[in-house]
Amino acid sequence: FASFLEDSVLRPLGMYQTRLARRESPPDAHRATGYRREGDRFVVDDVRDHRSVGSGGVYSTLPDILTWYQAVMAGRLLKPSSTALLFETPVTLSGSRSYLGMGWSNETLGSRTRDVAGLRAYGSFGELAGFRSAILFYPDHGVAWIALSNSGEGALPPEGMAGRLFQRLP
């Protein structure tokens with residue numbers, strides 16, 4: 001999987017600061033350490049030997065994540081039909097609509113976007129040990145919120161952020 005991702009996504013997009021953990025590789029010396037708050041201080045909350053890929057084990061930087069996001073949105077990463085699937089609202093076997101889609105959640109009516117009625121929004125939010133990541137984007141406006149945290153908190157968009165942001169856009 002790591003070789004496929006490197007050959008098919010990372011290198012072609014120029015994402016040279018993104019790496020996948022491999023069982024045979026030593027931990028990356030430049031990787032951040034994860035922390036969690038304990039009272040008024042932060043303590044190490046890290047899984048240095050965590051080698052899973054999917055719920056962890058992919059290490060990246062903000063510029064590389066932005067590169068990936070722009071490639072997805074510009075249709076440079078997937079076929080147009082596959083990119084279109086990313087924005088469809090899935091229907092479960094019981095017939096109800098699901099907010100979980102193909103790789104990210106539809107936040108259009110979600111708790112993170114309730115202050116902006118009718119604005120299409122999608123996101124992906126991750127948490128593992130002392131790390132959090134968040135991407136919340138608005139495809140109709142070309143705007144994205146991307147945050148990475150190694151404190152186990154703080155990566156989610158601030159309350160009311162979308163409303164304040166879109167009040168300022170023309």
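Two residues count as being in contact when their heavy atoms come within 4.5 Å. Keep that in mind as you look at this predicted model, since the buried residues of helix α1 pack against β1 (19–20) and α2 (62–73). Helix α2 turns up again in the core, where α2 gives the most, with three residues.

**Helix α1 and its two sides**

- Helix α1 covers residues 2–13, and its buried residues are A2, L5, E6, V9, L10 and L13.
- If you look down the axis of α1, those buried residues fall within an arc of 130°, so they line one face of the helix.
- Turn to the other side of α1 and you'll find F4 and P12, which are exposed.
- Right after α1 comes G14, with a positive phi of about 80°.

**The nonpolar cores**

- Some background first: in soluble globular proteins, nonpolar side chains tend to be buried together.
- Here, the largest nonpolar core has ten residues: I65, Y69, V72, L86, F87, W104, Y122, I135, F137 and I146.
- Both α2 and β7 supply at least two residues each to this core.
- Apart from it lies another core, this one of eight residues, including L5, M15, L20 and A71.
- Back in the ten-residue core, V72 is a handy residue to click on: leaving out residues up to four places away in sequence, V72 touches L77, T83, L86 and W104.

**Aromatic rings**

- A quick tip for reading these: a pair of aromatic rings is described by the distance of the centres and the angle of the planes.
- Searching the whole structure turns up seven aromatic pairs.
- One of them is W68 with W104, an edge-to-face pair at 6.4 Å centre to centre and 75° between the planes.
- That pair links distant parts of the chain, as W68 belongs to helix α2 while W104 is in the loop between α3 (80–85) and β5 (105–106), 36 residues apart.
- Is W104 buried or exposed? With a relative accessibility of 8%, W104 counts as buried, because the cut-off for buried is under 20%.
- W68, by contrast, has a relative accessible area of 27% and is partly exposed.
- Y69 and F137 also pair up edge-to-face, at 5.3 Å centre to centre with 65° between the planes.
- Y69 lies in helix α2 and F137 in strand β7 (residues 131–138), so this pair ties together parts that are 68 residues apart in sequence.
- Y69 and F137 are both buried.
- Put W68, Y69, F87, W104, Y122 and F137 together and you have one aromatic cluster.

**The β2–β3 hairpin**

- Strands β2 (residues 35–38) and β3 (residues 41–44) pair in the antiparallel sense, over four bridges.
- The two strands form a hairpin with two residues between them.
- In the turn, G39 has a positive phi of about 70°.
- Across the hairpin, R37 stands opposite F42 in β3.

**A closer look at N106**

- You'll find N106 in strand β5.
- N106 has 16% relative accessibility, so it counts as buried.
- Which residue's side chain does N106 join through a polar contact? The partner is T89, at 3.3 Å.
- Setting aside its neighbours within four places in sequence, N106 is in contact with T89, Y99, A121 and Y122.
- Y122 is also a member of the aromatic cluster and of the ten-residue core.

Methods:
Residues numbered from 1 in each chain as written. Heavy atoms only, no water. Buried < 20%, exposed > 50% of the residue type's maximum accessible area, 1.4 Å probe, protein only. Arc of directions from axis to C-beta. Phe/Tyr/Trp six-rings, centres within 6.5 Å; stacked < 30°, edge-to-face > 60°. Pairing = 2+ DSSP bridges. Core = buried A, V, L, I, M, F, W, Y, C linked by side-chain atoms within 4.5 Å. Polar contact = N/O pair within 3.5 Å; in protein donor to acceptor, adjacent residues only side chain to side chain.
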